[in-house]
Amino acid sequence: MDHFFDTKRLPSFLVPFVTLSYPVNPPLKPDSFPDSAYYEIGYRDVCVIVTLIAIMAILRDAARVLVLEPFAIWKLTRDWRRRQASKASVNDPLNVNASGKVNGPVTTIGSAEKLVADRPPDKSRDAHRIRHAVLRFAEQGWQALYYLIQWSLGIYIHFHLPSNLWAGYPHVPLAGIVKLYYLMQISVYVHAVLLLNAEARRKDHWQMMAHHVVTITLIVTSYAYNFTRVGCRIMVLMDWCDLFFPIAKMLRYLSYQTACDVVFVWWMVSWFITRHVLFCQVIASAYWDSPQQLEFGWWPERGYWFTKEVHKIFVSLLVILEIIQSVWSYLIFGVAYRVLKGEGADDTRSDDEG
């Protein structure tokens with residue numbers, strides 16, 4: 001976990017890109033991960049972030065091109081053929097004679113399916129709809145895969161860290177798995193910002209940009225100022241919802257509307273609990289508990305950066321993030337209202353380009 005591979009044969013300038021930097025001796029009595037290697041933090045950590053962004057870009061394209069898009073094309077094209085065959089079967093009138101018997105073979109959906117084209121014409125509306133669904137399915141599939149891995153790692157770390165978010169501050173040095181987890185989180189949001197500006201803009205472009213910028217600022221700030229324990233708690237809360245939302249959208253693109261609605265309702269409940277109950281508890285703890293348990297001070301030699309100004313900035317960023325999530329919640333409740341009316345779940349935030 002602490003190294004990607006053996007670096008002995010690499011030039012020295014490449015080593016920071018493929019291994020965690022600043023190794024140190026482990027604490028005498030670590031409160032978590034006693035068998036892990038431990039690391040300080042520093043500017044060379046940016047090198048690993050660059051590597052992780054490149055790896056994510058490669059894995060994203062590989063997953064889309066080799067697995068997700070071929071599956072979606074097969075599924076949606078097969079469904080189109082079956083719909084066309086059904087129409088052909090319905091539109092083929094039965095030639096019934098005077099005795100009530102059918103003259104000639106009956107056209108079934110299975111036999112009619114053999115008579116339709118393999119796929120819709122390239123410039124047809126159906127072809128455009130399939131291409132759109134394939135691309136969106138692949139995008140959401142990658143997100144679901146990533147957040148499954150990231151949340152699994154995060155929840156593992158969460159259960160191995162002390163429950164008190166502030167005791168033992170500053171939380172340095174870091175166990176290798178915690179440091180890698182943090183750098184992965186920074187990488188994915190930087191990668192998301194790059195994609196957001198490289199691809200066609202959608203209706204919520206600026207909301208997503210604001211969310212990503214605030215999130216990156218929070219992660220980097222908590223990393224640099226050694227508030228990694230509360231940072232891990234926040235990230236695992238965020239990733240839980242981010243796992244189920246793309247799954248719901250994948251089901252919708254495959255036309256499994258009922259399953260989509262079920263997953264969407266589950267995601268909506270999870271969203272409320274994690275983003276507006278548990279996350280607000282973290283904000284309250286940051287506002288009230290941290291000054292009660294920690295002394296305000298600025299001692300760089302200890303990695304102790306907890307001043308009144310740092311406290312205000314950190315809490316303010318958390319509140320800004322909660323405001324953005326509250327705006328999204330307003331849109332989510334609108335979708336939930338349509339589900340209750342029987343109109344089906346549909347994401348109003350970012351599906352359409354504009």
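Is Arg78 buried, partly exposed or exposed? In this predicted model, Arg78 comes out as partly exposed, at 24% relative accessibility. The close-up views below start from that residue and then move on to other contacts.

**View 1. Arg78 and Asp79 meet in a salt bridge.** The N to O distance between these two side chains is 3.6 Å. Arg78, at 24% relative accessibility, is partly exposed, while its partner Asp79 is buried at 16%. Look for Lys75 here too: salt bridges with shared partners join Lys75, Arg78 and Asp79 into one network.

**View 2. Glu69 and Arg64 form a salt bridge.** Here the N to O distance is 3.5 Å. Glu69 is buried, with 18% relative accessibility, and Arg64 is buried as well, at 13%. For context, a search of the whole structure finds nine salt bridges.

**View 3. A salt bridge joins Asp31 to Arg229.** The closest N and O atoms of this pair are 2.8 Å apart. Asp31 sits in the loop between β1 and β2, and Arg229 belongs to helix α7 (residues 228-253), so the contact links distant parts of the chain, 198 residues apart. Asp31 is partly exposed, with a relative accessible area of 48%, whereas Arg229 is buried at 8%.

**View 4. Phe33 and Tyr156 make a tilted aromatic pair.** The count for the whole model comes to 26 aromatic pairs. In the pair shown, the ring centres of Phe33 and Tyr156 are 6.2 Å apart, with 50° between the planes. Distant parts of the chain are linked here: Phe33 lies in the loop between β1 (23-24) and β2 (38-39), and Tyr156 lies in helix α4 (residues 125-160), 123 residues apart. Phe33 is buried, with a relative accessible area of 10%, but Tyr156 is partly exposed at 39%.

**View 5. Phe71 and Phe137 form another tilted pair.** Their ring centres lie 5.9 Å apart and the planes meet at 35°. This pair also links distant parts of the chain, with Phe71 in helix α2 (residues 45-91) and Phe137 in helix α4, 66 residues apart. Phe71 counts as partly exposed at 37% relative accessibility, and Phe137 as buried at 4%.

**View 6. Ring pairs build an aromatic cluster.** The members to find are Trp166, Tyr169, Phe227, Phe296, Trp299, Tyr304, Phe306 and Phe314, linked to one another through ring pairs.

**View 7. Arg44 lies over the face of Tyr22.** The distance to the ring centre of Tyr22 is 4.3 Å.

**View 8. Helix α6 spans residues 205-224.** With its 20 residues, helix α6 reaches 28 Å from the first C-alpha to the last, close to the 28 Å expected at 1.5 Å a residue. Follow the chain past α6 and you come to Asn226, which has a positive phi, near 70°.

**View 9. Six side chains make a nonpolar surface patch.** Val265, Val269, Phe272, Ile273, Val277 and Phe333 together form this patch of about 470 Å². Helix α8 (residues 257-293) supplies the largest share, with five residues. One residue to pick out is Val265, which is found in helix α8 and counts as partly exposed, at 35% relative accessibility.

Note on methods. Residues numbered from 1 in each chain as written. Predicted model: local features only at pLDDT ≥ 70, side-chain atom pairs only at ≥ 80, totals over all residues. Heavy atoms only, no water. Phe/Tyr/Trp six-rings, centres within 6.5 Å; stacked < 30°, edge-to-face > 60°. Helix = DSSP H or I, 4+ residues; strand = E, 2+ residues; numbered from the N terminus. Buried < 20%, exposed > 50% of the residue type's maximum accessible area, 1.4 Å probe, protein only. Lys NZ or Arg CZ within 6 Å of the ring centre and 35° of its normal. Patch = residues over 30% accessible without salt bridge, like charges linked within 9 Å, V, L, I, M, F, W, Y side chains within 5 Å. Areas by Shrake-Rupley, 256 points an atom, 1.4 Å probe, with all protein chains shown as cover. Salt bridge = Lys/Arg side-chain N within 4 Å of Asp/Glu carboxyl O. Expected span 1.5 Å × (residues − 1).
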